[in-house]
Amino acid sequence: MIELIGLTKRYGSFTAVDAIDLRVPKGELFGFLGPNGAGKTTTLRMIAGILRPTAGTIRIGGVDISADPIAAKTMLGFIPDRPFIYEKLTGAEFLRFVGGLYSQNGKDIEHRSRELLALFDLEQWRDELVESYSHGMRQKLIISSALVHKPDVIVVDEPMVGLDPKAARILKDLFREYVRRGHTIMMSTHTLEVAETMCDRIGIIQNGKIRALGTMDDLRSASAEGNTGLEEIFLRLTGENAAREFVDVLDA
Ligand code: ATP
């Protein structure tokens with residue numbers, strides 16, 4: 001479970017995340033959507049403990065991240081949008097390194113790494129240096145590294161970017177199975193079709209505030225035109241006329 005209470009991040013006088021209250025319960029895959037610069041990455045980085053909030057509370061599995069950061073982070077797997085991987089480690093060494101950070105024992109790490117590398121078709125690359133990996137292979141390795149300690153909660157920023165269709169499908173199935181088993185996932189994405197088909201609930205953030213929150217059915221019934229897709233709902237909430245207005249400016 002993830003709980004955010006009055007979560008706020010300011011950069012000087014600019015408020016990037018504005019007093020967000022949100023609860024993502026056990027067994028839920030929550031989709032976090034919003035236009036560029038809305039505050040998604042800032043929120044996810046605060047939950048992951050990488051960025052310190054200006055105000056507010058974050059609880060992971062009931063543990064306040066500022067009161068007991070190690071206990072909270074032990075429950076968490078974070079997949080960032082711009083990951084850092086040590087280029088001079090092999091894929092297998094990188095997973096061993098990350099597993100070690102989470103105090104996993106060697107046998108568990110080896111077993112889990114083998115499963116994850118097989119799942120993502122990286123077996124034949126396990127002993128190659130990361131510097132030789134393609135963008136998509138790096139993404140698959142980062143996803144694997146966030147799962148190696150079997151976290152209860154996964155926080156993931158734009159997971160599908162760079163994945164080929166097979167890997168994207170594996171990740172979708174993996175995430176759905178993960179929440180089915182009672183874990184919690186909070187995922188940002190710009191791919192509305194992914195959010196619509198995968199997520200149990202969706203939150204749309206703009207200018208640091210949550211503008212809409214609910215299941216697809218909730219969002220549809222709150223929308224003026226009823227039975228519509230997520231793209232229409234998203235664009236209406238966040239300013240659908242931008243392109244038309246721009247063309248009007250060009251024509252003027
Ligand atoms: P995108 O979809 O483009 O990735 P986002 O919703 O993830 O956007 P954030 O990266 O959270 O957006 O940024 C939210 C706002 O905070 C933006 O206006 C951004 O310019 C600002 N911001 C982020 N990091 C900093 C920083 N270190 N200093 C100042 N402003 C920042």
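## Salt bridges, sheets and buried elements

Glu131 is partly exposed, with a relative accessible area of 38%. This residue belongs to a predicted model, and its side chain forms a salt bridge with Lys88 in which the closest N and O atoms are 2.7 Å apart. The pair links distant parts of the chain, 43 residues apart. Lys88 lies in the loop between strand E6 (76–79) and helix H3 (91–101), whereas Glu131 lies in the loop between helix H4 (106–119) and helix H5 (135–147). Lys88 is exposed, with a relative accessible area of 60%.

**Other salt bridges**

Side chains of opposite charge can pair when their charged atoms come close. The structure holds 17 salt bridges. One of them joins Arg220 to Glu196, with a separation of 3.5 Å between the closest N and O atoms. Here too the pair links distant parts of the chain: Arg220 is in helix H8 (residues 216–222) and Glu196 in helix H7 (residues 192–198), 24 residues apart. Glu196 counts as partly exposed, at 30% relative accessibility.

Arg126 and Asp127 also meet through their side chains, in a salt bridge of 3.7 Å from N to O. The partners differ in cover: Arg126 is buried at 14% relative accessible area, while Asp127 is exposed at 56%. The value for Arg126 falls under the 20% limit, so the residue counts as buried. In addition, a network of salt bridges links Glu177, Arg180 and Arg181.

The table collects the accessibility of individual residues.

| Residue | Relative accessible area | Class |
|---|---|---|
| Lys88 | 60% | exposed |
| Asp127 | 56% | exposed |
| Glu131 | 38% | partly exposed |
| Phe97 | 35% | partly exposed |
| Glu196 | 30% | partly exposed |
| Arg126 | 14% | buried |
| Glu28 | 9% | buried |

**A nonpolar patch on the surface**

Phe84, Tyr86, Phe97 and Leu101 make a nonpolar surface patch of about 450 Å². Of these residues, Phe97 is placed in helix H3. Phe97 is partly exposed, with a relative accessible area of 35%. This value is over 30%, and so Phe97 meets the accessibility condition for membership of a patch.

**The six-stranded sheet**

Strands of a sheet pair through backbone hydrogen bonds, either parallel or antiparallel. In this model 6 strands form an open sheet with mixed pairing, in the order E6-E7-E8-E3-E9-E10. E6 and strand E10 (209–214) stand at the edges; each has a single partner strand, so one side of each is left without a neighbour in the sheet. From one strand to the next, the twist averages 15°.

Within this sheet, strand E7 (residues 153–157) pairs with strand E8 (residues 184–188) in the parallel sense, over 5 bridges. Ile154 has Ile185 in E8 as its bridge partner. Helix H6 (residues 165–180) packs on the sheet and touches strand E3 (29–33), E6, E7 and E8. The direction of H6 makes about 145° with that of E8.

Glu28 lies in the loop between strand E2 (14–24) and E3. Glu28 is buried, with a relative accessible area of 9%. When neighbours within four places in sequence are left aside, its contacts are Val179, His183, Thr184, Ile185, Asp200 and Arg201. Among these contacts of Glu28 is Ile185, the bridge partner of Ile154.

**The four-stranded sheet and helix H1**

An open sheet of 4 strands follows the order E2-E1-E4-E5, and its pairing is antiparallel. Its edge strands are E2 and strand E5 (63–64), each of which pairs on one side only. Strand E1 (residues 2–11) is joined to E2 by 7 bridges, the two running antiparallel. Leu7 has Ile20 in E2 as its bridge partner. H1 packs on this sheet, touching E1, E2 and strand E4 (55–60), and its direction makes about 120° with that of E1.

Helix H1 (residues 40–47) is mostly covered, since 6 of its 8 residues are buried. The buried residues of H1 are Lys40, Thr42, Thr43, Leu44, Met46 and Ile47. Just after H1, Gly49 takes a positive phi of about 85°.

Technical notes: Residues are numbered from 1 along each chain as its sequence is written. This is a predicted model: local features need pLDDT of at least 70, side-chain atom pairs count only at pLDDT 80 or more; totals for chains, interfaces and linings use all residues. Side-chain values use heavy atoms; hydrogens and water are left out. A salt bridge is a side-chain nitrogen of Lys or Arg within 4 Å of a carboxyl oxygen of Asp or Glu. Buried means under 20% relative accessible area, exposed over 50%, partly exposed in between (1.4 Å probe, protein chains only). Patches are made of residues with over 30% relative accessible area and no salt bridge: like charges are joined within 9 Å, nonpolar side chains (Val, Leu, Ile, Met, Phe, Trp, Tyr) within 5 Å. Accessible areas come from the Shrake-Rupley method with a 1.4 Å probe; for residues, only the protein chains shown count as cover. Two strands pair if DSSP finds at least two bridges between them. Axes are lines fitted to C-alpha atoms, for helices over the stretch in contact, and angles run from 0 to 180 degrees between N-to-C directions. Contact means heavy atoms within 4.5 Å.
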